[in-house]
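Visitor: Please give me a close look at a single part of this structure, and then follow that part outward to the elements around it. I should like the terms defined as they arise.

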Amino acid sequence: MTFLQSAAVRVGLSISVATGLYGVSFGALSAASGLVFWQTMALSLLLFSGGSQFAFIGVLSGGGSPLAAMSAAALLGIRNGVYGMQINALLAPRGLLKIAAAHVTIDESTASGTAQSDPSEQRRGFWVAGIGVFLLWNVFTAVGALIGDALGDPKHWGLDGAAVAAFLGLLWPRIRSRQPAAIAVVCAVATLLAVPFVPPGVPILVAALVAGLIGWFRRGHERDGMEPDVEPHLHPGRPGTGDAATAGSRGT
Amino acid sequence: MSLWPWILLAAALAFATKLLGYLVPAKVLANPRMSRVAGTLTIGLLAALTVLNTAVSGHHVVADARLGALAGAAVALYFKAPFLLVVVAGAAVAAALRFLGWS
């Protein structure tokens, strides 16, 4: 089997292209929320986790403090730690490979890897999507940042509406049944209730507290919210559940 | 620029979180609470970010053109549009509503 005939490689590549392209929207929104070009690039190159990056600039553009922006980004990144455990159980990378694997451990690479059942396909799926998304996401972030700078006033072009759409787009694939929908509604309401009383940026931490408590005390539903935000029509399968024994056994 | 330390700190935290997953013993995987808290946090935070960007201005809950953007994006998502098209739909509805005079 040649490299390109592998199903994992093909899925990984198509996810890379689809995800990489929307780096344009991150770049443009980041520029619109006041970050200079290299700050935008630092988020894509070093932080490299779409949801956390959007969270960071979303809190800032809402008037939140840099501390609140950082906290929101860090909390939203916790799921990557769980993905890291799954990938480590599947691929067990060593030395420098472990460092590289950790950096590209995101929704898309985890989905591509865990969707395969053959160990070498898992490896190909994870690395192709991880490296592919990293390269294209950064190229298109740069393009978006330049476009965003050229657009000027974000409101004029509806860029604030683009931010709304981006967050709904990240949330949407994770709402697959009534329970996650209920969690989303409860946290949204808690956020709005907090808005008049606490400094900008803090309502999101209130929502995080509420969500954390719900997650701690509820039973079952380990997979809720752990569905990666890949394009729905490219969805290669469901990622691992956090159970190492079954994470690799689910085909597409 | 005072934002730089926060960007670098956020990046360091993000990487540390990812790496931690590779360093904890496999036994921790068996704990479903870990996965549940992470998943619930993700849903809750994204829901909060969605409403904050849609309907909040400073200390006030407001209804403006961004509400239209939310509806436009929802329609695009319902018809399984790719992410980039969803974002463009949100921007287009907000811009169009402003053009028609709704702030």
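Guide: Phe48(A) has 25 C-beta neighbours inside 10 Å and therefore counts as buried (20 or more other C-beta atoms within 10 Å of its own; 12 or fewer is exposed, anything in between partly exposed, with C-beta atoms placed from the backbone). The model is a predicted one, in which local features need pLDDT of at least 70 and side-chain atom pairs count only at pLDDT 80 or more, while totals for chains, interfaces and linings use all residues. Residues are numbered from 1 along each chain as its sequence is written, and chains are lettered from A and ligands numbered from 1 in the order in which they are written.

Phe48(A) lies in the loop that links helix 3 (37–47) to helix 4 of chain A (helices are DSSP runs of H or I with at least four residues, strands runs of E with at least two, numbered from the N terminus). The backbone at Phe48(A) is notable for a phi near 40°, a positive value in a residue other than glycine.

From this loop the chain enters helix 4 (residues 50–61) of chain A, whose axis comes within 11 Å of that of helix 2 (residues 32–55) of chain B, at a crossing angle of roughly 35° (axes are lines fitted to C-alpha atoms, for helices over the stretch in contact; angles run from 0 to 180 degrees between N-to-C directions). On the side of chain A, Gly51(A), Ala55(A) and Gly58(A) make the contact, and on the side of chain B, Leu45(B), Leu46(B), Leu49(B) and Asn53(B) (contact requires C-beta atoms, placed from the backbone, within 7 Å). By class, the residues of this contact are 4 nonpolar, 3 polar and no charged (nonpolar: Ala, Val, Leu, Ile, Met, Phe, Trp, Tyr, Cys and Pro; charged: Asp, Glu, Lys and Arg; polar: the others, Gly among them).

Helix 2 of chain B also meets helix 5 (residues 66–76) of chain A, the two axes coming within 9 Å and crossing at roughly 140°. At that angle, helix 5 of chain A is oblique to helix 2 of chain B (under 35 degrees is roughly parallel, over 145 roughly antiparallel, 65 to 115 roughly perpendicular, and the rest oblique). Ala72(A), Leu75(A) and Leu76(A) of helix 5 of chain A face Leu41(B), Thr42(B) and Leu45(B) of helix 2 of chain B. This contact has 5 nonpolar, 1 polar and no charged residues.

Leu45(B) appears in both helix contacts. Apart from neighbours within four places in sequence, Leu45(B) is in contact with Ala55(A), Ala72(A), Leu75(A), Leu76(A), Ile204(A), Ala207(A), Ala208(A) and Ala211(A). The largest nonpolar core has 115 residues, and those touching the most other members are Phe56(A), Ala72(A), Ala73(A), Ile204(A) and Leu45(B) (a core is a set of buried Ala, Val, Leu, Ile, Met, Phe, Trp, Tyr and Cys residues joined through C-beta atoms within 7 Å). Helix 2 of chain B supplies the largest share of this core, 13 residues.

These contacts belong to an interface in which 94 residues of chain A touch 68 residues of chain B. Helix 10 (residues 159–171) of chain A gives the most to the side of chain A, with 13 residues. That side comprises 59 nonpolar, 25 polar and 10 charged residues.

Chain A as a whole has 13 helices and 0 strands. Of its 252 residues, 60% are buried. Among contacts in chain A between residues at least 6 apart in sequence, 72% join residues at least 24 apart.

Further along chain A, helix 6 (residues 78–91) and helix 9 (residues 119–151) have axes that come within 10 Å and cross at roughly 140°, and are therefore oblique to each other. Ile87(A), Leu90(A) and Leu91(A) of helix 6 of chain A meet Gln122(A), Arg123(A) and Phe126(A) of helix 9 of chain A. The residues of this contact are 4 nonpolar, 1 polar and 1 charged.

The loop between helix 6 and helix 7 (95–103) of chain A holds Ala92(A). Ala92(A) also has a positive phi, about 40°, although it is not a glycine. Phe48(A) is buried, whereas Ala92(A) is exposed, with 12 other C-beta atoms within 10 Å.

Notes. Two residues are in contact if their C-beta atoms, placed from the backbone, lie within 7 Å.
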